[in-house]
Amino acid sequence: MSYLKNILPECKAKTNSARVSRIWGLLLLFFVANSNSVFGFTAGPPDEKTGAPNEGTCMTAGCHAGNDLNISGGSLMITTPETYEPGEVYTIIVNLERAGQSKWGFQMTALDADGARAGIFADDAAKTQVSETNSKQYIKHTAAGTAGANDANSWEFEWTAPDTDVGPVTFYAAGNASNGNFNPIDDYIYTAQEESIPPIPVVAGVSLEIVGEMALSTINAVAGVSYTLKVTNTGNMMDTVALEASAEVGIEGSVLGSLSDSSIELDAGVSVEVTLKVAGDLFTEAGDYAIDVTATSGTDSTMTAEITTTTTIETPPPPPPPTPWDVNDDGTVNIQDLVLVAGQFGQSGESLKGDVNGDGTVNILDLVVVSSHFGENTGN
């Protein structure tokens with residue numbers, strides 16, 4: 001009996017030890033089977049956790065629900081191209097920060113306006129990996145990619161833009177700033193999104209119009225006439241518009257068009273007025289002169305506008321006929337003119353006002369000429 005009393009405690013101890021070993025074995029299997037949840041998906045979170053439309057985040061999934069989304073004290077920033085060229089490759093950078101944290105994770109997707117996959121992510125094999133769900137592509141951290149410096153971590157990878165212009169592309173990303181203690185209360189989820197648009201096609205254009213009359217006339221060809229022109233940049237970007245005026249050059253005289261400005265820098269949709277002067281020279285003959293003005297876009301030289309002015313150079317009116325019988329040029333032939341002739345009577349020479357008939361001598365004939373126009377209004 002004493003032998004049995006001595007051996008029973010030993011058997012009971014061995015039985016308890018076996019039970020404990022089995023319990024720990026079961027716990028270990030459970031731990032391993034659920035390691036992704038316990039360790040916060042260190043090998044990469046399940047897809048569709050970027051915060052994109054119709055997607056949640058790891059916080060809404062319940063595995064990192066210890067704090068509010070985007071709580072102050074941390075941030076997620078993504079660097080993406082503002083514009084993209086179809087088929088071009090761009091570098092994407094994801095930066096996640098929060099003081100005191102040392103374990104990091106993220107997930108990103110790129111979608112067009114319809115929520116469809118846009119472009120292709122390429123992982124760097126060490127810190128990032130790609131996956132697909134519901135025809136969408138996701139890029140996220142690897143186990144190695146969770147380790148970073150204290151307070152911040154970043155990931156860098158490439159994105160190839162769609163082969164064609166699919167309109168705006170939006171990048172959606174979510175990140176988890178953790179301290180690695182497997183307690184959700186110490187996990188902080190942040191989201192960010194950025195838009196990349198296709199390049200806006202450059203549209204160049206220019207218009208030219210005359211403000212007021214397009215046909216003027218002048219007697220004085222040298223002084224000429226002036227026209228006001230309005231130049232407008234009808235394109236969608238700043239442009240430098242060049243202006244040029246034609247000329248009509250003749251053997252005995254010319255008519256030229258000159259502009260107050262020959263080059264104008266204009267923002268899209270902006271107009272400015274310039275002056276066109278059309279003038280000739282002392283030898284310019286009377287007639288109609290057509291002067292063309294051309295405006296040319298500096299962005300696209302095929303985009304031009306043209307207007308034509310027609311300037312009439314008129315023949316000067318003939319000088320009024322001479323009226324030498326109005327000797328004192330007061331506009332009326334009267335007794336004063338007879339007195340002036342009489343005062344030079346008998347004199348000979350040049351430039352004698354009393355020599356009305358221009359024969360070089362002041363005599364009775366001059367008095368007869370004045371008398372024959374007596375009382376006339378000469379208009380002098």
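**Exercise 1. Work out what share of the chain counts as buried, and how its surface is made up.**

Solution. Start with the burial count: in this predicted model, 35% of the 380 residues of the chain count as buried. Next, turn to the outside: the accessible surface of the chain comes to about 20,900 Å², and carbon and sulfur atoms hold 55% of that area. Then list the secondary structure, which comes to four helices and 19 strands. Finally, look at the contacts with a separation of 6 or more: 67% of them join residues 24 or more positions apart.

**Exercise 2. Decide whether Q107 is buried or exposed, and find the polar partners of its side chain.**

Solution. First, place the residue: Q107 sits in strand 3, which covers residues 103–111. Second, check its cover: the relative accessible area of Q107 is 1%, and buried means under 20%, so Q107 is buried. Third, trace the side chain: one of its polar atoms lies 2.8 Å from the backbone oxygen of P46, and the side chain also reaches the backbone nitrogen of K49 at 2.8 Å. Fourth, look around it: beyond its neighbours within four places in sequence, the contacts of Q107 include D47, T50, Y138, I139, Y172 and A173.

**Exercise 3. Find the residues that make a nonpolar surface patch with L365, and classify L365 by exposure.**

Solution. Begin with the patch: L365 joins F345, I364 and V368 in a nonpolar surface patch of about 390 Å². Now locate L365 in helix 4, residues 364–372. Last, its relative accessible area is 46%; partly exposed runs between 20% and 50%, so L365 is partly exposed.

Definitions and conventions: Residues numbered from 1 in each chain as written. Predicted model: local features only at pLDDT ≥ 70, side-chain atom pairs only at ≥ 80, totals over all residues. Heavy atoms only, no water. Helix = DSSP H or I, 4+ residues; strand = E, 2+ residues; numbered from the N terminus. Buried < 20%, exposed > 50% of the residue type's maximum accessible area, 1.4 Å probe, protein only. Polar contact = N/O pair within 3.5 Å; in protein donor to acceptor, adjacent residues only side chain to side chain. Contact = heavy atoms within 4.5 Å. Areas by Shrake-Rupley, 256 points an atom, 1.4 Å probe, with all protein chains shown as cover. Patch = residues over 30% accessible without salt bridge, like charges linked within 9 Å, V, L, I, M, F, W, Y side chains within 5 Å. Salt bridge = Lys/Arg side-chain N within 4 Å of Asp/Glu carboxyl O.
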